[in-house]
Amino acid sequence: ALPVTGSTTTKRTKAVHEEPSLAKKPKTALPVTGSATTERTKAVHKTDEEPSVAKKPKPDSLECSEKDIYTIAGYDFNWKRVGRRLLDDQKVQDIDREGGNEAEKRENMLLEWKRKKSHDATYQALVKVLRNIENNATA
């Protein structure tokens, strides 16, 4: 087979052998700096470890603090109904006999609940009781 003159193959072959600047250069993978992929790779493969940050607990597992109890006690709600769900009936009667205004009784009831239940005295538990009472009142 005779080479066909003027064909694309012949020109490319000539260019490779005679003029290296005209030859197609092979593609090489060069590192790209500043790209999103590079930044993600750096983030995943850190060499300088940053101190780990403790995860925040879920809001529903947060314990009520004493400060929060004083705030909650400032809201007007039927403390006896809530207290009977959180404490035993005798303790609710004791708080009622101790006297004081309604806000103080709400405070005492919530503080007793916090003391008795400790880590189980959570916002989730309190909200559950309040919602249950509200649903029963409207039913």
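A residue counts as buried when its relative accessible area is under 20%. By that rule, 19% of the 139 residues of the chain are buried in this predicted model.

**Figure 1. The whole chain is built from helices, seven of them, with zero strands.** Read from the N terminus, the order of the elements is α-α-α-α-α-α-α. The confidence of the prediction varies along the chain: the average pLDDT is 73, and 54% of the residues score at least 70. Helix H2, residues 36–44, has the lowest mean pLDDT among the elements, at 51, while H5 has the highest, at 95. Of the contacts between residues at least 6 apart in sequence, 66% join residues at least 24 apart.

**Figure 2. The largest nonpolar core of the model has 18 residues.** The residues with the most contacts inside this core are Phe77, Val82, Leu86, Met109, Leu110, Trp113 and Leu126. At least two core residues come from each of helix H3 (66–73), helix H4 (79–86), helix H5 (89–98), helix H6 (102–117) and helix H7 (123–138). In soluble globular proteins, nonpolar side chains tend to be buried together.

**Figure 3. Trp79 is a buried residue of helix H4.** Why does Trp79 count as buried? Its relative accessible area is 2%, and the cut-off for buried is under 20%. Leaving out residues up to four places away in sequence, Trp79 touches Val92, Ile95, Asp96, Glu102, Lys105, Arg106 and Met109. One of these partners, Met109, is 30 residues from Trp79 along the chain, yet the two C-alpha atoms are separated by 7.3 Å.

**Figure 4. Lys105 in helix H6 is a charged residue that is buried.** The relative accessibility of Lys105 is 9%, so this lysine falls in the buried class, for which the limit is under 20%. What does Lys105 touch, not counting residues up to four places away in sequence? The partners are Trp79, Ile95, Asp96, Gly99 and Gly100. Ile95 and Asp96 are also among the residues that Trp79 touches.

**Figure 5. Helices H4 and H5 pack with their axes within 8 Å.** The two axes cross at roughly 145°, and H4 passes H5 in a right-handed crossing. On the H4 side, the contact is made by Trp79, Lys80, Gly83 and Arg84. On the H5 side, Asp89, Val92, Ile95 and Asp96 take part. By type, these residues are three nonpolar, one polar and four charged.

**Figure 6. Helices H5 and H6 come within 10 Å, axis to axis.** Their crossing angle is roughly 145°, and the crossing is right-handed. H5 contributes Lys91, Ile95, Asp96 and Glu98 to the contact. H6 contributes Lys105, Asn108, Met109 and Glu112. The contact of H5 with H6 holds two nonpolar residues, one polar residue and five charged residues.

**Figure 7. Helices H3 and H6 pack with their axes 8 Å apart.** The angle between them is about 145°, and H3 passes H6 in a right-handed crossing. Glu66, Ile69, Tyr70, Ile72 and Ala73 make the contact from H3. From H6 the contact uses Ala103, Arg106, Glu107, Leu110, Leu111 and Lys114. Seven of the contact residues are nonpolar, none is polar and four are charged.

**Figure 8. Trp113 of the core is in contact with residues from several parts of the chain.** Setting aside neighbours within four places in sequence, the contacts of Trp113 are Cys64, Leu86, Leu87, Ser118, Asp120, Ala121, Thr122, Ala125 and Leu126. Leu86 and Leu126 are, like Trp113, among the residues with the most contacts inside the core.

**Figure 9. Ser118 lies in the loop between H6 and H7 and has a positive phi.** The phi of Ser118 is near 50°. Most residues other than glycine have a negative phi. Is Ser118 buried or partly exposed? With a relative accessible area of 31%, Ser118 is partly exposed. Ser118 is also one of the residues in contact with Trp113.

**Figure 10. Asn78 lies in the loop between H3 and H4.** The relative accessibility of Asn78 is 44%, so Asn78 counts as partly exposed. Asn78 and Ile133 are 55 residues apart in sequence, while their C-alpha atoms are 9.5 Å apart in space.

Key. Residues numbered from 1 in each chain as written. Predicted model: local features only at pLDDT ≥ 70, side-chain atom pairs only at ≥ 80, totals over all residues. Heavy atoms only, no water. Core = buried A, V, L, I, M, F, W, Y, C linked by side-chain atoms within 4.5 Å. Buried < 20%, exposed > 50% of the residue type's maximum accessible area, 1.4 Å probe, protein only. Helix = DSSP H or I, 4+ residues; strand = E, 2+ residues; numbered from the N terminus. Contact = heavy atoms within 4.5 Å. pLDDT = per-residue confidence, 0-100. Axes fitted to C-alpha atoms, helices over the stretch in contact; angles between N-to-C directions. Left-handed = near helix turned anticlockwise from the far one by under 90°.
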